[in-house]
Amino acid sequence: MLRKSQERPAQRPAPRVAPASIIAVASGKGGVGKTFMAITLASAFAQAGKRTLLVDGDLGLANVDVQLGIAPETDLAAVIAGWVELDDAVTPVDGGAAEGGFDVLPGRSGSGALAELPPEEVARLAAGLSALALQYDQVVVDLGAGIEANCMRLARAADKALMVITDEPTSMTDAYAFIKVLRGYAPNVEPVICINQAESRAAGQRTYEAIARACQTFLGFRPHLAGIVMRDPKVRDAIRCQKTLISTDQQAQPIQDAIAISQMLIGGRQGADLGY
């Protein structure tokens, strides 16, 4: 059951001189834990004192609101329809960015209008997100899976693309395809690798080495490892209960791994510095 979204904060985050760092959370295929990672990163950034906005950029198949168990009053579909402005579609979570939580710009699941947006509308949306980023320290965009053109247009607005990959062969090959397209479409966006649902650190490292070796061989660069997130059934249980695992069990290993990744993204440390 969805819980009602929290009241809007009395104050919006004050505009900043410099825009937020924008992290696009991406994957070549669905079912690899991309949305879990996006939500957990937003929570971790907020806990680190960063004013954070989480954007559900999975146009047409949005589910951030479902996993958070909130019922937003409005969403991106209302923005596209011209009913509300972009910053008015923001929903606060845990008090919102102004009170130690984070803000969410929700999408709408099953919306053909969002999934079939013309390129100029997506470009306008990306420009609006860049302007909205002036109010935050960190913006996390949960992209749709795959290399569809609108997904790439949103990715182009980011500073980094966190690629969420599992050891499944299709996850690895589709992630490689995403990185290849991204390098051609948005060469200024740095892809970094997150190995999710790893059975062990060694297995996660092997998966990373395989994707890094393919990138080095065929694309001429080696993407950095952001971190390895261990497999844990607590993640699945939390999603089923529409609760964030970071709010119910912060000591769970996947949460500790995701927090380490958030620290790497904030501070620029590489995976090797974190013991991977």
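This section describes the confidence, nonpolar cores, cavities and pockets of a predicted model.

The protein has an average pLDDT of 87, and 88% of the residues reach a score of at least 70. Residues 1–7 form a stretch where pLDDT stays under 50, and the model gives this stretch 20 contacts beyond four places in sequence. Residues 271–276 likewise have a pLDDT below 50, with 15 contacts in the model beyond near neighbours in sequence.

The interior is considered next. The largest nonpolar core comprises 52 residues, and within this core Leu105, Val139 and Leu143 have the most contacts. Helix α7, which spans residues 169–185, contributes the largest share of this core, namely 6 residues. Another core lies apart from it and holds 37 residues, including Val164, Ala226, Ile246 and Ile259. The surroundings of leucine 105 can be listed in detail. When residues up to four places away in sequence are not counted, leucine 105 touches Leu53, Leu54, Val55, Asp56, Leu76, Leu86, Ala89, Val90, Leu129 and Leu132.

Leucine 125 offers a further example. This residue is part of helix α5, which covers residues 119–132. Leucine 125 counts as buried because its relative accessibility is 7%, and the cut-off for a buried residue is under 20%. Beyond residues up to four places away in sequence, the contacts of leucine 125 are with Leu59, Leu76, Leu86 and Leu154. Leu76 and Leu86 also appear among the residues touched by leucine 105. The C-alpha atoms of leucine 125 and arginine 153 are 9.6 Å apart in space, while 28 residues separate the two in sequence.

Enclosed spaces were also identified in the model. There are 2 cavities of 30 Å³ or more. The largest cavity has a volume of about 70 Å³, and its lining is made up of Phe36, Ile39, Thr40, Gln67, Val235, Ala238, Ile239, Lys243, Thr244 and Leu245. Helices α1 (34–47) and α9 (233–240) each provide at least two residues of this lining. Classified by type, the lining of the largest cavity contains 6 nonpolar, 3 polar and 1 charged residues. The second largest cavity has a volume of about 30 Å³. Ile22, Leu129, Val139, Val141, Leu154, Ala157 and Ala158 line this second cavity, a set of 7 nonpolar residues with no polar and no charged members. Val139 is also one of the residues with the most contacts inside the largest nonpolar core, and Leu154 is among the contacts of leucine 125.

Open pockets complete the description. The largest pocket has a volume of about 530 Å³. Its lining consists of 33 residues, of which Gly30, Gly31, Gly33, Lys34 and Thr35 are the closest to its centre. At least two lining residues come from each of α1, α4 (112–115), α6 (149–155), β9 (190–198), β10 (224–230) and α9. By class, the lining of the largest pocket comprises 14 nonpolar, 12 polar and 7 charged residues.

The second largest pocket has a volume of about 200 Å³. It is lined by 16 residues, and those closest to its centre are Ser43, Asp94, Thr244, Ile246 and Ser247. Helices α1 and α10 (245–248) each supply at least two residues of this lining. The lining of the second largest pocket divides into 5 nonpolar, 8 polar and 3 charged residues. Two of the residues closest to the centre of this pocket recur elsewhere: Thr244 also lines the largest cavity, and Ile246 also belongs to the core of 37 residues.

Notes:
Residues numbered from 1 in each chain as written. Predicted model: local features only at pLDDT ≥ 70, side-chain atom pairs only at ≥ 80, totals over all residues. Heavy atoms only, no water. 1 Å grid on protein atoms, 1.4 Å probe; cavity = no way out; pocket = protein on both sides within 12 Å on 5 of 7 lines; lining within 4 Å. Points joined across faces, edges and corners; volume = space filled by probe spheres on them. Helix = DSSP H or I, 4+ residues; strand = E, 2+ residues; numbered from the N terminus. Nonpolar A, V, L, I, M, F, W, Y, C, P; charged D, E, K, R; others polar. Core = buried A, V, L, I, M, F, W, Y, C linked by side-chain atoms within 4.5 Å. Buried < 20%, exposed > 50% of the residue type's maximum accessible area, 1.4 Å probe, protein only. Contact = heavy atoms within 4.5 Å. pLDDT = per-residue confidence, 0-100.
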